[in-house]
Amino acid sequence: MQLKPLLSIATTGEEILTQIAEPVTVFDQALHTLADSMLSTMQNANGVGIAATQVFSRAAMFIMASNPNERYPDALLMAPTVVINPQILSASTATEAGIEGCLSIPGQRLSIWRNSEIEVQYQSLDGQLYQQTLTGFVARIFQHEYDHLQGITLLERVNLIATQVQVTQC
């Protein structure tokens with residue numbers, strides 16, 4: 001197996017993390033190469049997901065790969081899934097808090113509320129369209145990485161939730 005080059009990971013304060021990703025329209029070898037390098041980078045950093053914006057690409061793409069590791073010892077085991085042009089079609093009203101880390105915010109872990117179940121749609125590396133329901137930890141990974149494609153990191157997510165709570169309590 002040939003190792004793919006590791007990519008630099010953007011960290012808090014870098015402009016790319018605040019930008020909205022652009023839809024992928026060309027499904028070519030360059031996209032496969034980017035996905036392979038993103039996967040190597042994520043695995044090297046003990047992550048369970050990584051978005052293209054985290055590696056300085058504007059492509060609307062991320063990888064989910066839940067697996068038990070040093071950062072997430074209780075994670076489920078799932079094969080890496082490349083998610084392109086994702087959409088959240090619907091979300092349950094039920095939410096649950098969970099501790100999340102982020103490769104772009106090294107050393108910090110925050111309690112984040114996420115929808116417990118989401119209905120999603122996305123394309124694969126060959127452009128095929130998928131629709132599925134995700135629950136639990138996998139739904140959390142999807143929502144976290146989807147946020148990155150919207151220019152939202154954990155720090156912004158915490159602030160959004162705090163603002164919603166303040167507005168609700170007024």
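## Helix H2

Over what distance should the 14 residues of helix H2 (residues 136-149) span at 1.5 Å a residue, and how far apart are its end C-alpha atoms? The expected span is 20 Å. In this predicted model, the end C-alpha atoms of H2 are 21 Å apart, which agrees.

Is H2 enclosed or open? Of its 14 residues, 12 are buried, so the helix is largely enclosed by the rest of the structure. The buried stretch includes Val138, Ala139, Ile141, Phe142 and Leu149. Charged-looking names are on the list too: among the buried residues are Arg140, Glu145 and Asp147. Just after H2 comes Gly151, with a positive phi of about 80°.

## The whole protein

Step back to the full chain. The protein has three helices and seven strands. Read from the N terminus, the order is α-β-β-β-β-β-β-β-α-α.

What radius of gyration would a compact globule of 170 residues have? The rule gives a value near 15 Å. The protein has 15 Å, which agrees. Its C-alpha atoms fill a box of roughly 55 × 35 × 30 Å along the principal axes.

Buried residues make up 46% of the 170. Now take the contacts with a separation of 6 or more: 64% of them join residues 24 or more positions apart. The accessible surface comes to about 8800 Å². Carbon and sulfur atoms account for 53% of that surface.

## Helix H1

Helix H1 covers residues 29-44, which makes 16 residues. From its first C-alpha to its last, H1 reaches 23 Å. That is close to the 22 Å expected at 1.5 Å a residue. At the N-terminal end, Asp28 acts as a cap. One of its side-chain oxygens lies 3.3 Å from the backbone nitrogen of Ala30. Just after the helix, Asn46 takes a positive phi of about 60°.

Which residues of H1 are buried? They are Leu31, Leu34, Ala35, Ser37, Met38, Ser40, Thr41 and Met42. An α-helix has 3.6 residues a turn, so residues three or four places apart point the same way. What do the buried residues of H1 pack against? Their partners are strand S1 (49-51), strand S2 (61-64) and strand S3 (81-91).

## Two hairpins

Strand S4 (residues 95-102) pairs with strand S5 (residues 105-115). The pairing is antiparallel and runs over eight bridges. Two residues lie between the strands of this hairpin. Within the pair, Glu100 of S4 stands opposite Leu110 in S5.

Strands S6 (residues 117-123) and S7 (residues 129-135) are also antiparallel, with seven bridges. Their hairpin has five residues between the strands. In this hairpin, Gly127 has a positive phi near 90°.

## Glu119 and Tyr130

Glu119 is in strand S6. Opposite it, in S7, stands Thr133. The side chains of Glu119 and Thr133 make a polar contact at 2.4 Å. Beyond residues up to four places away in sequence, Glu119 touches Gln87, Ile88, Leu89, Ser90, Gln131, Gln132 and Thr133. Take Leu89: it is 30 residues from Glu119 along the chain, yet their C-alpha atoms are separated by 5.4 Å.

Tyr130 is in strand S7. Is Tyr130 buried, exposed or partly exposed? Its relative accessibility is 34%, so it counts as partly exposed; buried would mean under 20%, and exposed over 50%. Leaving aside neighbours within four places in sequence, Tyr130 contacts Val120, Gln121, Tyr122 and Ser124. Val83 is 47 residues from Tyr130 in sequence, with 9.3 Å between their C-alpha atoms.

## Positive phi outside glycine

Phe56 and Asn85 each take a positive phi in a residue other than glycine. Phe56 has a phi near 65°. It is found in the loop between S1 and S2. With a relative accessible area of 41%, Phe56 is partly exposed.

Asn85 has a phi near 50°. It lies in strand S3. Is Asn85 buried or exposed? Its relative accessible area is 18%, so Asn85 is buried.

Note on methods:
Residues numbered from 1 in each chain as written. Predicted model: local features only at pLDDT ≥ 70, side-chain atom pairs only at ≥ 80, totals over all residues. Heavy atoms only, no water. Pairing = 2+ DSSP bridges. Helix = DSSP H or I, 4+ residues; strand = E, 2+ residues; numbered from the N terminus. Expected span 1.5 Å × (residues − 1). Buried < 20%, exposed > 50% of the residue type's maximum accessible area, 1.4 Å probe, protein only. Rg over C-alpha atoms; globule rule 2.2 N^0.38 Å. Contact = heavy atoms within 4.5 Å. Areas by Shrake-Rupley, 256 points an atom, 1.4 Å probe, with all protein chains shown as cover. Polar contact = N/O pair within 3.5 Å; in protein donor to acceptor, adjacent residues only side chain to side chain.
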